[in-house]
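Let's walk through this structure together, one region at a time. Have the viewer open and follow along as we go.

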Amino acid sequence: MEYRELLDFLAIAEKLKCNTRHSWTSSGRHESVAEHSWRLALMAYLLKDEFPGTDISKVIVMGLFHDMGEAVTGDIPAFEKTQSDVATEDDAVEGLLSKLPAGQREELQTLFAEMKALETEEAKLYKALDKLEAVIQHNEADVSTWLPLEYELQMTYGTEECAFSDYIKGLRDTVREDSRIKAEREKPDRN
């Protein structure tokens, strides 16, 4: 990769540090898209022994790249995202990948197609961890940052994506229990 190509791509990717998500951190600030992607990749690595037949390196790369389009579009919470938003983000990804050398571009285009199809063990694991990371982050944030719809969403988000694996379903149940306890203990009085 040419020096300038690398630096130009990194300059675009840097926007993932600047673009914030709907989620809040435990310190009381909005989480960046980059922070979400980093922890998703970390989760994948930490679960490698639970999925010995899965290419965890590929899941890590999926985690690092899955929200790359948000460097251009910004984040739209899942409960607000439309098909038009998805198409815009897909176009942004294609535009970003077009800036890469042919080998990397083709590799990442194939990876994005795999993530979208959700047919491989790697794609299913990445998608489940993507959902779980968001729920975990909400559990770590102050409950005052939760929207009213999130009390229910914490208990349902990612159910379908986690269904492929008994281990992941168990993790989701544990995260869900943390959500239930947090909501009961810390829910602000709405009267």
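The lining of the second largest pocket comprises nine nonpolar residues, one polar residue and three charged ones. Keep in mind as you look that this is a predicted model. The pocket has a volume of about 240 Å³, and 13 residues line it. If you want to find its centre, look for Phe9, Leu10, Ala13, Phe65 and Met68, which lie nearest to that point. Two elements, α1 (3-13) and α7, give two or more residues each to this lining. Which element gives the most? That is α1, with four residues.

From here, let's follow α7 to one of its partners. Helix α7 spans residues 102-117, and its axis comes within 11 Å of that of helix α4, residues 56-65. The two axes cross at roughly 90°. An angle from 65 to 115 degrees counts as roughly perpendicular, so α4 and α7 are described that way. On the α4 side, the contact is made by Lys58, Val61, Met62 and Phe65. These meet Leu108, Leu111, Phe112, Glu114 and Met115 in α7. By class, the residues of this contact are seven nonpolar and two charged, with no polar ones. Phe65 may look familiar, as it is also among the residues nearest the centre of the second largest pocket.

Helix α7 also leads us to the largest pocket, since α7 is one of the elements that each supply at least two residues of its lining. The others are β1 (20-24), α6 (83-97), α8 (121-140) and α9 (150-156). This pocket has a volume of about 1000 Å³. It is lined by 38 residues, and the closest to its centre are Asp67, Lys81, Glu89, Lys127 and Asp130. What is the make-up of the lining by class? It divides into 16 nonpolar, nine polar and 13 charged residues.

Finally, take a look at β1, which we just met in that lining. Strand β1 runs antiparallel to strand β2, residues 30-32, and two bridges join them. Across the pair, Thr20 stands opposite Ser32 in β2. The two strands form a hairpin with five residues between them, and here Gly28 takes a positive phi near 95°.

How values were computed. Residues are numbered from 1 along each chain as its sequence is written. This is a predicted model: local features need pLDDT of at least 70, side-chain atom pairs count only at pLDDT 80 or more; totals for chains, interfaces and linings use all residues. Side-chain values use heavy atoms; hydrogens and water are left out. Axes are lines fitted to C-alpha atoms, for helices over the stretch in contact, and angles run from 0 to 180 degrees between N-to-C directions. Angles under 35 degrees count as roughly parallel, over 145 as roughly antiparallel, 65 to 115 as roughly perpendicular and the rest as oblique. Contact means heavy atoms within 4.5 Å. Ala, Val, Leu, Ile, Met, Phe, Trp, Tyr, Cys and Pro count as nonpolar, Asp, Glu, Lys and Arg as charged, and the others, Gly among them, as polar. On a 1 Å grid over the protein atoms alone, a cavity is a set of points where a 1.4 Å probe fits but cannot get out, and a pocket is an open set with protein on both sides within 12 Å along at least five of seven lines; lining residues have an atom within 4 Å of a point. Grid points are joined across faces, edges and corners, and a volume is the space filled by probe spheres set on the points. Two strands pair if DSSP finds at least two bridges between them.
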